[in-house]
Amino acid sequence: MRGAEALIRMLIEYDVNTIFGVPGGQTNPMYEAIHDIKGRISHILFRDETNAVFAADAYAKITNKPGVADATLGPGALRAIPAIAESYNSSIPLIQLVGNNPSNWLPLTVYRGNASQAVDQLRVLEPITKWCGQIINVNSIPSIIRFAFRAATSGRPGPVAIDIPYDILTEEVEFNDRDFYCQKEFSKVPATRIVPSSEKILQASKLIQSAERPLIISGGGVFLSNALNELYKLSTTFGIPVATTINGKGSFPETHPFSVGVLGSLGGWNTAELVVKKSDLLIFVGSNVDQMTTFDWSIPSEEQKVIHIDIDPIELGRSFVCNVAITGDAQTCLSMLNDVLSNYGYKPKMLWVEEINKLKNSSADALDYLDDNLEYEKLNPKMVMKIIDKFLEKKGVNIIVSDASSASGWVAGCIRSVLSGRRFLFPRGMAGLGYAIPASIGSSIAAREIGLEYSKCIAIAGDGGAAYSIAEIETAKRVGTSLICIILNDSSLGWIRKIQEKSGKLISSEFTAVNFARVSEGFGGRGYEVKSYGDLEWALESCYNDNLPSIIDVKVFTMVPYKPLFVYF
Ligand SMILES: Cc1ncc(C[n+]2csc(CCOP(=O)(O)OP(=O)(O)O)c2C)c(N)n1
Ligand SMILES: [Mg+2]
């Protein structure tokens, strides 16, 4: 059996159904092996390695299985870097396969490659992966794949990269069936559940008991741990309101009376901000408590008590004093907390529950620090988002994938998550532009594969972000994903231009007009150009049941849903 066949056989053992990537001569033996197994794995060709890995990241977020991507050596490997870093920073499990020259070319591959396309790629991959390494012996393929799945899915998940020289893929060796054994529990996250110390859970319960105004802040780790039910129980049984981080959006239904929405400077809800300021105990779960969530580390205040639950002890209390720091799996921790609080006979603090209700009623709108004016020739992005929110509410459950920049704030702030579940995807790991379109393709494929209940995948991006990955509309068409991409087209890098407006020194932040509707048609999709709110409603309705991917190009003026920009700059 060739090394490439052994590699693919191992991936099948780990229930890999889809690989996202771009071929190269050095990885072609792997493609031949995929070809020969006749449909057991489908390979999705992207037009850029970054996009392929963004798709794999989204696939992993929807399925909780590691996304698998491939790139050729050198230029392919380096183009995958921004997306691998995205998965690394947001703890998403990923297996990145990377090609290389034959191993006996090593002296010509390292340093500044003398062999064509060679570069010291492992050294570039090292700081953005949980582990990366090269296969130096074809017989070790099965054990390295097992290692890769364990590394990607155990503890705090993340990407691993495997560098596979050409001769390893083509070498013929004898394997026997036992070589291909699979540790199934590592084919998904959470692979292992780290149990917290019961002493810490007791301490946390006491702190919750003594608090008057507790607030849970739920992050993306709650999805990775499948802790949604336990979170719901903790909140609803004991009357503790829930805010989420952007990445945690959807971990608690935003239509529930105890939801106070998304917290933070980027697209944060007014209610969440009011409630976080009033509360005397913050309970962070599955979150690294980052700059955006904390309004540039201005919460927790010195008076607030904090419980921080995370799988990774390195994150605990990183930027604040933590009263109880708990290392453990979110589901296990929350379930133990529920039990202890029940045993204590903990009762909801009714005064706090009533206050939350009042605050929710008084803060009418998620982003009400931004105006609703309609006077401009172009559309107001906030009003655009409200139309999209209303439209989607009528249509049922959808997957919404946001690009970086303002789009993330608009989606976090304006589109409500009616159900529990990871249906909102953001590139919060790196906030790199270009995520929305490829990640929509990855999530549609994932949803189709696991039979997830949803009706449409909607990408929302700025014109700058969309242009990074617009060619993937052809990919969407080719693989039969009928996504809708709404482009907030302000003919500029709006976020940057807003910053520059403060000094009046506008430079390299504006584009000439682009007609994205026509661009979409060129790639085989549909295109709608929208200049009025009525046009938008019509366009949404007409592409919703379409089988082709569609772009809705909405001409907006620039508005940035980021609070400190208005407060401090
Ligand atoms: C890959 C990458 N390059 C540069 C940036 C820096 N950046 C942050 S926001 C922004 C503007 C994005 O413009 P657009 O996508 O049109 O969104 P808008 O702000 O106009 O809504 C840029 C360039 C980034 N986040 N990612
Ligand atoms: Mg723009």
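This dialogue walks through some features of a predicted model.

Visitor: What does the secondary structure of the chain come to?

Guide: The chain has 23 helices and 18 strands.

Visitor: How does its radius of gyration stand against that of a compact globule?

Guide: A compact globule of 569 residues would have a radius of gyration near 25 Å, and the chain has 24 Å, so the two agree. The C-alpha trace spans about 70 × 60 × 45 Å along its principal axes. Of the 569 residues, 54% count as buried. Among contacts between residues at least 6 apart in sequence, 77% join residues at least 24 apart.

Visitor: Now the sheets. In what order do the strands of the sheet with S9 and S12 stand, and is the pairing parallel or antiparallel?

Guide: Strands of a sheet pair through backbone hydrogen bonds, and either sense is possible. Here six strands form an open sheet in the order S9-S8-S7-S10-S11-S12, with parallel pairing. Strand S9 (259–262) and strand S12 (324–327) are the edge strands, each pairing on one side only. On average, neighbouring strands of this sheet are turned by 15 degrees against each other, direction ignored.

Visitor: How many bridges join S10 to S11?

Guide: Five bridges join strand S10 (residues 281–285) to strand S11 (residues 305–310), and the two run parallel. To find the register, look for Ile283, which stands opposite Ile307 in S11.

Visitor: Which strands does helix H9 touch?

Guide: Helix H9 (residues 198–210) packs on this sheet and touches strand S7 (214–218), S10, S11 and S12. The direction of H9 makes about 140 degrees with that of S12. Helix H11 (residues 228–238) lies across S7, strand S8 (242–244) and S10, at about 165 degrees to S7.

Visitor: Which strands stand at the edges of the sheet that holds S14 and S17, and why is one side of each left without a neighbour?

Guide: That sheet is also open, with six strands in the order S14-S13-S15-S16-S18-S17 and parallel pairing. Strand S14 (424–425) and strand S17 (526–530) stand at the edges; each has a single partner strand, so one side of each has no neighbour in the sheet. Inside the order, strand S13 (residues 399–402) pairs with strand S15 (residues 457–462) over four bridges, in the parallel sense. Ile400 stands opposite Ile458 in S15. Helix H22 (residues 533–544) packs on the sheet, touching strand S16 (484–489), S17 and strand S18 (550–555), and its direction makes about 165 degrees with that of S17.

Visitor: Which residues come nearest to ligand 1?

Guide: Ser406, Gly462, Gly464, Gly465 and Gly494 come nearest, out of 17 residues around ligand 1. Helix H18 (463–469) and helix H20 (494–503) are the elements that give two or more residues to this shell. By class, the shell has seven nonpolar, eight polar and two charged residues.

Visitor: Where are cis peptide bonds found, and what is omega there?

Guide: One joins Val189 and Pro190, with omega about -5 degrees; Pro190 is in the loop between helix H8 (166–170) and H9. The bond from Ile299 to Pro300 is also cis, with omega near -5 degrees, and Pro300 lies in the loop between S10 and S11.

Visitor: What is phi of Asp15, and where does this residue lie?

Guide: Phi of Asp15 is near 65 degrees, a positive value in a residue other than glycine. Asp15 lies in the loop between helix H1 (3–13) and strand S1 (18–21). It counts as partly exposed because it has 13 C-beta neighbours inside 10 Å.

Key
Residues are numbered from 1 along each chain as its sequence is written. Chains are lettered from A and ligands numbered from 1 in the order in which they are written. This is a predicted model: local features need pLDDT of at least 70, side-chain atom pairs count only at pLDDT 80 or more; totals for chains, interfaces and linings use all residues. Two strands pair if DSSP finds at least two bridges between them. Two residues are in contact if their C-beta atoms, placed from the backbone, lie within 7 Å. Axes are lines fitted to C-alpha atoms, for helices over the stretch in contact, and angles run from 0 to 180 degrees between N-to-C directions. A residue is near a molecule or strand if its C-beta atom, placed from the backbone, lies within 6 Å of it. Ala, Val, Leu, Ile, Met, Phe, Trp, Tyr, Cys and Pro count as nonpolar, Asp, Glu, Lys and Arg as charged, and the others, Gly among them, as polar. The radius of gyration is taken over C-alpha atoms; the globule rule is 2.2 Å times the number of residues to the power 0.38. A residue is buried if 20 or more other C-beta atoms lie within 10 Å of its own, exposed if 12 or fewer, and partly exposed in between; C-beta atoms are placed from the backbone.
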